[in-house]
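The following questions ask how labels are earned from computed values. Each answer sets a value against its cut-off.

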Amino acid sequence: MRLQLGYVPLCDAAPLIAAHELGFARAEGLDLDLTAEPSWATLRDRLALGHLDGAHMLAPLALASRLALSGPPSDLIVPLQLSTDGNALTLSRTLWAAMAPDSEALPDVARAFAGVAEMRHRAGDPLTLGTVHPFSCHSYQLRLFAEAGSLDPAAFRTVVVPPQHCVEALARGLVDGFCAGAPWNDVAAEAGHGRIAVHGSALAPNATEKVLAVSARLDGAILPLVRAVARAGRWCADPENRTELIHRLARRTYLNLDPALVARTFSDGPDVMAGTGARLRFGAAIEEPRAAQARWVLEQMRAAQQIPGPFDIPAAITTVYRPDLYRRAVADI
C-alpha cells in the first residue's frame, strides 16, 4: 500500500524519514511518499482534506485539528508519539547584549529579558518573537519563559514563522527572537544571527513535541505504519546509528544542511546555555501517546485561552490519543 505522509523540515521528522529510507515501511508492506510541507498550517489542512494520509505533526495542533479548534474538520488520531523536547528560544545578538543577564541560569535570563521587554513595551515598540504556530509547545514555552521572569506575555508580540524560515526572519530583523525546533536554533547561532537563550526542556521537561497523526480512514494500514515508524524511531534513538542519522537528515532532500550543524542537535554546542537538559528524544521510552501528555497540552491551551470554558478534557484525550493502537502495533516488536 502506498501512503502519502507530510512533514516539516526538522530533525524530529527523523522517524518518518528513517522509516522510508531504511526499509522499515517496506518490511510492513508500505511504500511511503514523503512531502516537505511549507508550514504547519498547510500540513494541517492537507491532512484534514485528505491530501495526506498521515503526518509528522505538532502535538497541540493534532489535538486542535481533530477538536475543531484550528483549520478544517478532520478525522485524525494520534497512535504514536515521535519525539519529546528539541525546542529552543533564540534571541538576536543585539537583544542579548541589551539584556546582559547576570548569568546563564534561567531565572537570570528570564528576568533580563523581562526588563528589556517591559522597557520596549512602555516605549510603544514591543519586542517581536516568532513562533511556529499558535497551537504549538513553542508558543506555550514562550509564555512559560515570560512567566519565569514575572513578565506579562502581552508585553511582547508573537508572529507565526515556519521553522525553516526563522533564521532568515531573525537575520533580516523581522523578529527579535524565535522559538523553534532543531536544527534551526543551532543554524542561527552558527551563522552569528542569534544566541540560544534557553532550551524548551528547561521550561517544560519531557514535553510532548511531535506526533504521528493519521487519518482514521486508513483503518488496516494504521498498525503497520505505526510499527514501521516505531521501529524507525528506536533506530534513531540508538547512539550507534547517530552518524548515519545525521548524514541522512542533512541531505538536500530533507534539511539541506552541513552535517556538522545537524550534529549539534544531538550534542551540546559551543553556544548553548549550561544545564539545559535533554535536547531531542526518540525511541521506545517516549513512543506511547499518553493521556498525561495530552492533558498537559490541553491545560496549556486553556491557559492560552485557546479552548472554550466548558470543555471536556478527558473526552478530548480519548478521541484523539490512541495508546491502544500503539500497544497492538508494537506488541511483537
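Q: What makes R251 and E21 a salt bridge?
A: In this predicted model, the closest N and O atoms of R251 and E21 are 2.8 Å apart. The cut-off is a side-chain nitrogen of Lys or Arg within 4 Å of a carboxyl oxygen of Asp or Glu, so the pair is called a salt bridge.

Q: Why does the pair of R251 and E21 tie together parts that are apart in sequence?
A: R251 lies in the loop between α12 and α13 (259-263), whereas E21 lies in helix α1, so the pair links parts that are 230 residues apart in sequence.

Q: How do you know that E21 forms a salt bridge with R248?
A: The closest N and O atoms of E21 and R248 are 2.5 Å apart. That value is within 4 Å, so the pair counts as a salt bridge. E21 belongs to helix α1 (residues 14-21) and R248 to helix α12 (residues 242-250), so this contact ties together parts 227 residues apart in sequence.

Q: Which of the words buried, partly exposed and exposed applies to E21, to R248 and to R251, and why?
A: Buried means under 20% relative accessible area and exposed means over 50%, with partly exposed in between. E21 has 25% relative accessibility, so E21 is partly exposed. R248 has a relative accessible area of 18%, which is under 20%, so R248 is buried. R251 has 38%, so R251 is partly exposed.

Q: What makes D45 and R44 a salt bridge, and how is each residue classed by accessibility?
A: The closest N and O atoms of D45 and R44 are 2.8 Å apart, and this is within 4 Å, so the label applies. D45 is partly exposed at a relative accessible area of 25%, whereas R44 is buried at 11%. Elsewhere, R2, R26, D31 and D33 are joined into one network by salt bridges that share partners. The search of the whole structure finds 25 salt bridges.

Q: Why are β2 and β4 called edge strands?
A: The open sheet in question has five strands in the order β2-β1-β3-β10-β4, with mixed pairing. β2 (31-36) and β4 (76-81) each have a single partner strand, so one side of each is left without a neighbour in the sheet. The twist in this sheet averages 30° from one strand to the next.

Q: How do you know that β3 and β10 pair?
A: Strand β3 (residues 54-58) and strand β10 (residues 210-215) share five bridges in the antiparallel sense. Pairing needs at least two bridges, so the two strands pair. One of the partnerships is that of M57 with V211 in β10.

Q: Why is I77 called buried?
A: I77, found in strand β4, has 5% relative accessibility, which is under 20%, so I77 counts as buried. The C-alpha atoms of I77 and S65 are separated by 9.8 Å, with the two residues 12 apart along the chain.

Q: What are the edge strands of the sheet with the order β7-β6-β8-β5-β9?
A: This is an open sheet of five strands with mixed pairing. The edge strands are β7 and β9 (194-199), as each pairs on one side only. Neighbouring strands are turned by 25° against each other on average, direction ignored.

Q: How do you know that β6 pairs with β7 and with β8?
A: Four bridges join strand β6 (residues 128-131) to strand β7 (residues 157-160), and three bridges join β6 to strand β8 (residues 177-181). Each count meets the minimum of at least two bridges, so both pairings hold. β6 runs parallel to β7, and β6 also runs parallel to β8. T131 stands opposite V160 in β7 and opposite C179 in β8.

Q: What makes up the right-handed β-α-β unit?
A: The unit consists of β6, helix α7 (residues 137-148) and β7.

Q: How many residues line the largest pocket, and which element gives the largest share of the lining?
A: The largest pocket holds about 280 Å³ of space and is lined by 13 residues. S139, R143, P153, T158 and A304 are the closest to its centre. The largest share of the lining, four residues, comes from α7.

How values were computed:
Residues are numbered from 1 along each chain as its sequence is written. This is a predicted model: local features need pLDDT of at least 70, side-chain atom pairs count only at pLDDT 80 or more; totals for chains, interfaces and linings use all residues. Side-chain values use heavy atoms; hydrogens and water are left out. A crossover is right-handed if, with the strands pointing away from the viewer, the path from the first strand over the helix to the second runs clockwise. Buried means under 20% relative accessible area, exposed over 50%, partly exposed in between (1.4 Å probe, protein chains only). Axes are lines fitted to C-alpha atoms, for helices over the stretch in contact, and angles run from 0 to 180 degrees between N-to-C directions. On a 1 Å grid over the protein atoms alone, a cavity is a set of points where a 1.4 Å probe fits but cannot get out, and a pocket is an open set with protein on both sides within 12 Å along at least five of seven lines; lining residues have an atom within 4 Å of a point. Grid points are joined across faces, edges and corners, and a volume is the space filled by probe spheres set on the points.
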